[in-house]
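This report introduces charged and aromatic side chains to a reader who has not met the structure before. Please look over the sequence and the model, and then follow the sections below.

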Amino acid sequence: MNNNIFRIVLPALFAFAITGCSVKDMDLGKILEPKEKKFEYKRELISEDLTIRVNEIVDAMKKNDIELINKKYIHPTFGFYNLYKIKSINVFTFQNQIYNVKEKKTEEVSHLISRVSKNKYIFKINKEDTQFKCSPLNDAYYGWTKHGLFLNDKTNTNLSSMMKKINAFEKEKYKKEDFHKVKMIEKMGYKVVLTPEIIFYLNKIDNNWYITLIDRITTDCSYKKKTKKKVK
């Protein structure tokens, strides 16, 4: 009887000893902790809810209803980037709303919206791109290559390079989270162009499409004049 128990217990103890050693040598953290999931910048296909949203925003612009745009089409926390020029230099601001500026001292987003045609015609959404060309020498080549309302994924904003340049002078002014937002805009968003002046970007946030960037640089053909060096 005792010999039988010994035959059963001894192999069990031996196996436990081996198992105990192997577990001890393992890094349990690597096994139990899940690997960090890499964020996937994936753009959704153009859907009906996106085209409906574009038409709604354009309709609000026709009515010059900035209050509605701020309330319904700009996400309260994600906000939007406002790209423009100051003395021919590309700059941007981050905003949670479009400021309803009525004075004409400086050109603002509200001024562009106020100039959108007020007719009741429903614009056909063209799912393609249109290019704006600055042509200081020949007006025949100045302006958009195509006219109308356009929706496309050509979303290169140069915003990340602008942030990097600022960080070179003001170290870490823009953090990892800021560059992540810009990547979301460029890699997951859509560009909307309503000629002649409106360019904005839409991203899906909290299951709805919101304005995440307004581009006033593309149609601004001002350029920095080269200063002549004084001869000593």
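## A charged patch

Is Lys187 buried, exposed or partly exposed? With a relative accessible area of 44%, Lys187 is partly exposed in this predicted model, because the partly exposed class runs between the limits of 20% and 50%. Lys187 belongs to helix α7, which covers residues 176-188, and together with Lys38, Lys164 and Lys183 this residue forms a patch of positive charge on the surface.

## Salt bridges

Side chains of opposite charge can pair when their charged atoms come close. Across the whole structure, a search finds 11 salt bridges. One of them joins the side chains of Lys146 and Glu128, at 2.5 Å from N to O. Since Lys146 sits in the loop between β5 (143-144) and β6 (149-152), while Glu128 sits in the loop between β3 (125-126) and β4 (132-133), the pair ties together parts that are 18 residues apart in sequence. Lys146 is partly exposed at 38% relative accessibility, and Glu128 is likewise partly exposed, at 32%.

Asp129 and Lys191 also form a salt bridge, in which the closest N and O atoms are 3.4 Å apart. This pair links distant parts of the chain, with Asp129 in the loop between β3 and β4 and Lys191 in strand β7 (residues 190-194), 62 residues apart; both Asp129 and Lys191 are buried. A further salt bridge connects Lys175 with Glu172, with 3.9 Å between the closest N and O atoms, and Lys175 is partly exposed at 42% relative accessibility. In addition, a network of salt bridges links Glu44, Asp49 and Lys204.

## Aromatic pairs

The search of the whole structure also finds eight aromatic pairs. In one of these, the ring centres of Phe92 and Tyr174 are 5.6 Å apart and the planes stand at 45°, so the pair is tilted. Phe92 lies in strand β2 (residues 89-95) and Tyr174 in the loop between α6 (159-169) and α7, so the two rings tie together parts that are 82 residues apart in sequence. Phe92 counts as buried at 11% relative accessibility, as does Tyr174 at 17%.

Phe132 and Tyr142 make an edge-to-face pair, because their ring centres are 5.4 Å apart and their planes stand at 80°. Phe132, in strand β4, is buried with a relative accessible area of 15%, whereas Tyr142, in the loop between β4 and β5, is partly exposed at 45%. Finally, ring pairs join Tyr81, Phe92, Phe94 and Tyr174 into a cluster.

How values were computed. Residues numbered from 1 in each chain as written. Predicted model: local features only at pLDDT ≥ 70, side-chain atom pairs only at ≥ 80, totals over all residues. Heavy atoms only, no water. Patch = residues over 30% accessible without salt bridge, like charges linked within 9 Å, V, L, I, M, F, W, Y side chains within 5 Å. Areas by Shrake-Rupley, 256 points an atom, 1.4 Å probe, with all protein chains shown as cover. Salt bridge = Lys/Arg side-chain N within 4 Å of Asp/Glu carboxyl O. Lys, Arg positive; Asp, Glu negative; His and termini not counted. Charge placed at Lys NZ, Arg CZ, Asp CG, Glu CD. Helix = DSSP H or I, 4+ residues; strand = E, 2+ residues; numbered from the N terminus. Buried < 20%, exposed > 50% of the residue type's maximum accessible area, 1.4 Å probe, protein only. Phe/Tyr/Trp six-rings, centres within 6.5 Å; stacked < 30°, edge-to-face > 60°.
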